[in-house]
Amino acid sequence: MANVKLTITESNCRCGYHHTGESFVVGDLCPPICHELWNQLYPMLYALQNGALLDYGTGKAAMFDASCPDGGRVTVHGELIG
């Protein structure tokens, strides 16, 4: 299965769980990410791991940007790395 790198690009996490600049490489196992944030990211991550390209700006790319469902307190950039 392809790997996807997740990078926390901005964090104002209410629980202090995530910090700006943190990154995780996701292969087969779920990384130590807040459950609510993981539920937001997983559909896009799964699509990339299985060969999809996602809408990104005016085109399609093997990357995405997403926000925490708690008012966007944490933003994440995900990209296919192989």
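Start with the helix: select H1 and you'll see that it lies across E1, E2, E5 and E6, running at about 170° to E5. Keep in mind as you go that this is a predicted model.

**Zoom out**

Now show the whole chain as a cartoon. You should find one helix and six strands, and if you trace them from the N terminus on, the order is β-β-α-β-β-β-β. The radius of gyration is 12 Å, close to the 12 Å that the globule rule gives for 82 residues, so the protein is as compact as a globular protein of that length. Turn the C-alpha trace around and it spans about 35 × 30 × 20 Å along its principal axes. Color by burial, if your viewer can do it: 34% of the 82 residues count as buried.

**The sheet**

Next, select E2, E1, E6 and E5. In that order these four strands make an open sheet with antiparallel pairing. Which strands sit at the edges? They are E2 and E5, each of which pairs on one side only. On average, neighbouring strands here are turned by 20° against each other, direction ignored.

Walk across the sheet one pair at a time:

- E2 (residues 23-26) and E1 (residues 4-11) are antiparallel and share four bridges. Pick lysine 5 and you'll find valine 25 of E2 opposite; pick leucine 6 and phenylalanine 24 of E2 is opposite.
- E1 and E6 (residues 74-80) are also antiparallel, with seven bridges between them. Here glutamate 10 stands opposite threonine 75 of E6.
- E6 and E5 run antiparallel too, joined by five bridges. Try alanine 66, whose bridge partner in E6 is valine 76.

While E2 is on screen, show its side chains. What lies on its covered face, and what on its uncovered one? Phe24 and Val26 are on the covered face, while Ser23 and Val25 are on the uncovered face.

**Into the core**

Now for the inside. The largest nonpolar core has 18 residues, and a good selection to begin with is Leu6, Ile33, Leu37, Leu41, Phe64 and Val76, the ones with the most contacts inside it. E1, E2, H1 (35-49), E5 (63-67) and E6 each supply at least two residues of this core. Which element gives the most? That's H1, with six residues.

Center on leucine 6 and list what it touches, leaving out residues up to four places away in sequence. Among its contacts are Phe24 and Val26, along with Ile33, Trp38, Leu41, Leu45, Phe64 and Val76. Glu22, Ser23, His77 and Gly78 are also touched by leucine 6. For the wider picture, take the contacts in the protein with a separation of 6 or more: residues 24 or more positions apart account for 44% of them.

**Last stop: two cysteines**

Finally, select cysteine 34 and cysteine 68. How many disulfides does the structure hold? Zero. Cysteine 34 is in no disulfide, and the nearest cysteine sulfur, that of cysteine 68, is 6.1 Å away. Why is there no bond from cysteine 68? The closest cysteine sulfur, in cysteine 34, is 6.1 Å from its own, too far for a bond; a disulfide needs the two sulfur atoms within 2.5 Å.

Switch on the surface to look at the pair again. Is cysteine 68 buried or exposed? At 13% relative accessibility, cysteine 68 counts as buried. Cysteine 34, at 24% relative accessibility, counts as partly exposed.

Notes:
Residues are numbered from 1 along each chain as its sequence is written. This is a predicted model: local features need pLDDT of at least 70, side-chain atom pairs count only at pLDDT 80 or more; totals for chains, interfaces and linings use all residues. Side-chain values use heavy atoms; hydrogens and water are left out. Two strands pair if DSSP finds at least two bridges between them. A nonpolar core is a set of buried Ala, Val, Leu, Ile, Met, Phe, Trp, Tyr and Cys residues joined through side-chain atoms within 4.5 Å. Buried means under 20% relative accessible area, exposed over 50%, partly exposed in between (1.4 Å probe, protein chains only). Contact means heavy atoms within 4.5 Å. Axes are lines fitted to C-alpha atoms, for helices over the stretch in contact, and angles run from 0 to 180 degrees between N-to-C directions. The radius of gyration is taken over C-alpha atoms; the globule rule is 2.2 Å times the number of residues to the power 0.38.
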